[in-house]
Amino acid sequence: MSDDIFSKIAQGEIEVPLVDSNEYAVAFADINPQAPVHLLVIPKKKFLNVTELAADSTYMQAVMSLAVSAASKAGLTNGYRLVFNTGQDGGQTVPYVHCHVLGGRSLTWPPG
Ligand code: 5GP
C-alpha cells in the first residue's frame, strides 16, 4: 500500500467519480482543470513516469486505450490532446504516471 494520492485513487482507497475504467487503469477529472474537459488516466499499478510505463506493454496499452475511450465518453468529438508531462523539464509534478486528456476548446500550440 502506498500513501500518495494517485495510489489511493488507483486502489479505490479514495473514492473519486470515475469517468471511465478498465482492468488496468482508471480515468477521473483533474482537480485543477486547464480546459473544459481535463481528465487524468492512471494505471492501477504505480509507475513513476511514462518511461517506466512504456516498458510494460499491458499497462501502456491499457492507459492509451482508456484515454481514447474516456475522451469519447467525455464527448470530445472535435479532437483532444493527450499529454504525459515527464520529468523536470516536462513539467511533471506528481511522481505517478498520468496521461492528461484535454479538450473542449481549441488548444494552442506550442504549449508553454
Ligand atoms: P503534472 O504536472 O504532474 O503533469 O500533473 C499533475 C496533475 O495532477 C495536475 O494537473 C494537478 O491538477 C492534478 N492533481 C494533483 N493532485 C490531484 C488530486 O488530488 N486529485 C486530482 N483529481 N488531480 C490532482
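How many nonpolar, polar and charged residues make up the lining of the largest pocket? Here are some notes to help you find your way to that and a little beyond.

1. A word on the model: this is a predicted structure, where local features need pLDDT of at least 70, side-chain atom pairs count only at pLDDT 80 or more, and totals for chains, interfaces and linings use all residues. Residues are numbered from 1 along each chain as its sequence is written, and side-chain values use heavy atoms, with hydrogens and water left out.

2. To the opening question: the lining of the largest pocket has 8 nonpolar, 12 polar and 3 charged residues. Here Ala, Val, Leu, Ile, Met, Phe, Trp, Tyr, Cys and Pro count as nonpolar, Asp, Glu, Lys and Arg as charged, and the others, Gly among them, as polar.

3. Turn next to the aromatic rings, where Phe6 and Phe28 form an edge-to-face pair, 5.9 Å centre to centre with 85° between the planes. (Rings of Phe, Tyr and Trp, the last by its six-membered ring, pair if their centres lie within 6.5 Å; planes under 30 degrees apart count as stacked, over 60 as edge-to-face and the rest as tilted.)

4. Phe6 also pairs with Tyr96: the centres are 6.2 Å apart and the planes at 70°, so this pair too is edge-to-face. Ring pairs thus link Phe6, Phe28 and Tyr96 into a cluster.

5. Are these rings buried or exposed? Both Phe6 and Phe28 are buried, and Tyr96 is buried with a relative accessible area of 1%. (Buried means under 20% relative accessible area, exposed over 50%, partly exposed in between, with a 1.4 Å probe and protein chains only.)
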